[in-house]
Amino acid sequence: MLNKSMLQNMLFVLPSLLIYGVFLLAPLLFSIWASFTAWDGTSWPVFIGVQNFVRMFSDATFWTSIANNALLLLFYTLCPIVIGLALCSFLNDTRHHVERSLLRILFFLPYIMPMAVLGVVWRWLYNPAFGPIDQLLRAIGQPQLAVAWLGDFNWALPAVGFVATWYFFGFCLVLFMAGLQRMDPSLLEAAELDGSSRRQKFMRITLPALKPEIRVALLLTVIAGIKSFDLVYVMTHGGPGTSTLVTNIYMYQQGFDLRHFGYASAVAIIGMVMVFILNGLIHLALRERR
């Protein structure tokens, strides 16, 4: 039976459960149900089974959005983690604590800004007519390098991905620096006395010790990469053509532009499944082995 203490604990938890249920669980369950219906947002949904999913997997545009998401994951995940690890190793060897702190703050600054705001700023920087990037390239005598970065089919996705890398690498750096602070300095000192090079110390001591932080960085950046919407939408709206179309923008277009809310819900469910699968693989690959 429930005693007084358990009832009191349940009362403390109840507000959080209500918020979770109303704003997360209920919409999720509704989206799952809506993914099996044909619904335009005004009339009553019509149950059609798995037709939305069959249509989705035979839609070339959907697979294009999946491919763009996969390419963006390189900029959201791989590049920030590699750059963060490299800078972390460099800053850790810096003897001046003031310089280390200032550089860490400077690199972390982009992460405190909303992505939509950064998207507006970088869209101006990339502007081919008056943007500082192309203006600088023309000023140094390289006008052939000045292109319409966000209007070019080949450069639009890397241009957006570069902003994502710039946004996330400071977060990865600070995370890895925090991981280094819990390391025993005697390990590196002993390796140095044994004649280990900087590369050997990093690969054999620093990198294995940072496995928990790398796992956290992977999880958060992979989720952000799969859920990418605000940065891409502000900078390119998924264009030109479908060169920067990602699954969330494809879902938005199907739901709010074409009013295919059942189909858009099916796309959202597939995105959620992708997050679960990739996170599960990351946990399996980087789990603590005893």
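The following exchange concerns helix packing and nonpolar cores in a predicted model.

Me: Why are H5 and H7 called oblique to each other?
Reply: Helix H5 (residues 115-125) and helix H7 (residues 156-181) pack at an angle of about 130°. Roughly perpendicular covers 65 to 115 degrees, roughly antiparallel requires over 145, and the rest, apart from angles under 35, count as oblique. H5 and H7 are therefore oblique to each other.

Me: What else describes the packing of H5 and H7, in terms of their axes and their crossing?
Reply: The axes of the two helices lie 11 Å apart, and H5 passes H7 in a right-handed crossing. Met115, Leu118 and Trp122 of H5 make the contact with Phe162, Val163, Trp166, Tyr167 and Phe168 of H7.

Me: How do you know which class of residue forms the contact of H5 with H7?
Reply: Met, Leu, Trp, Phe, Val and Tyr count as nonpolar. By class, the contact has 8 nonpolar residues, with no polar and no charged ones.

Me: Which helix gives the most to the largest nonpolar core?
Reply: H7 does, with 7 residues. This core has 33 residues, and helices supplying at least two residues each include H5, helix H3 (60-92) and helix H13 (261-285).

Me: What makes Phe62 notable within the largest nonpolar core?
Reply: Phe62 is among the residues that touch the most other members, together with Met56, Tyr76, Tyr126, Leu231 and Met235. Leaving aside residues up to four places away in sequence, Phe62 touches Met56, Phe57, Tyr250, Val267 and Ile270.

Me: Which residues belong to another core, apart from this one?
Reply: Leu180, Leu219, Ile226 and Val275 are among the 25 residues of that other core.

Notes
Residues numbered from 1 in each chain as written. Predicted model: local features only at pLDDT ≥ 70, side-chain atom pairs only at ≥ 80, totals over all residues. Heavy atoms only, no water. Axes fitted to C-alpha atoms, helices over the stretch in contact; angles between N-to-C directions. Helix = DSSP H or I, 4+ residues; strand = E, 2+ residues; numbered from the N terminus. Left-handed = near helix turned anticlockwise from the far one by under 90°. Contact = heavy atoms within 4.5 Å. Core = buried A, V, L, I, M, F, W, Y, C linked by side-chain atoms within 4.5 Å. Buried < 20%, exposed > 50% of the residue type's maximum accessible area, 1.4 Å probe, protein only.
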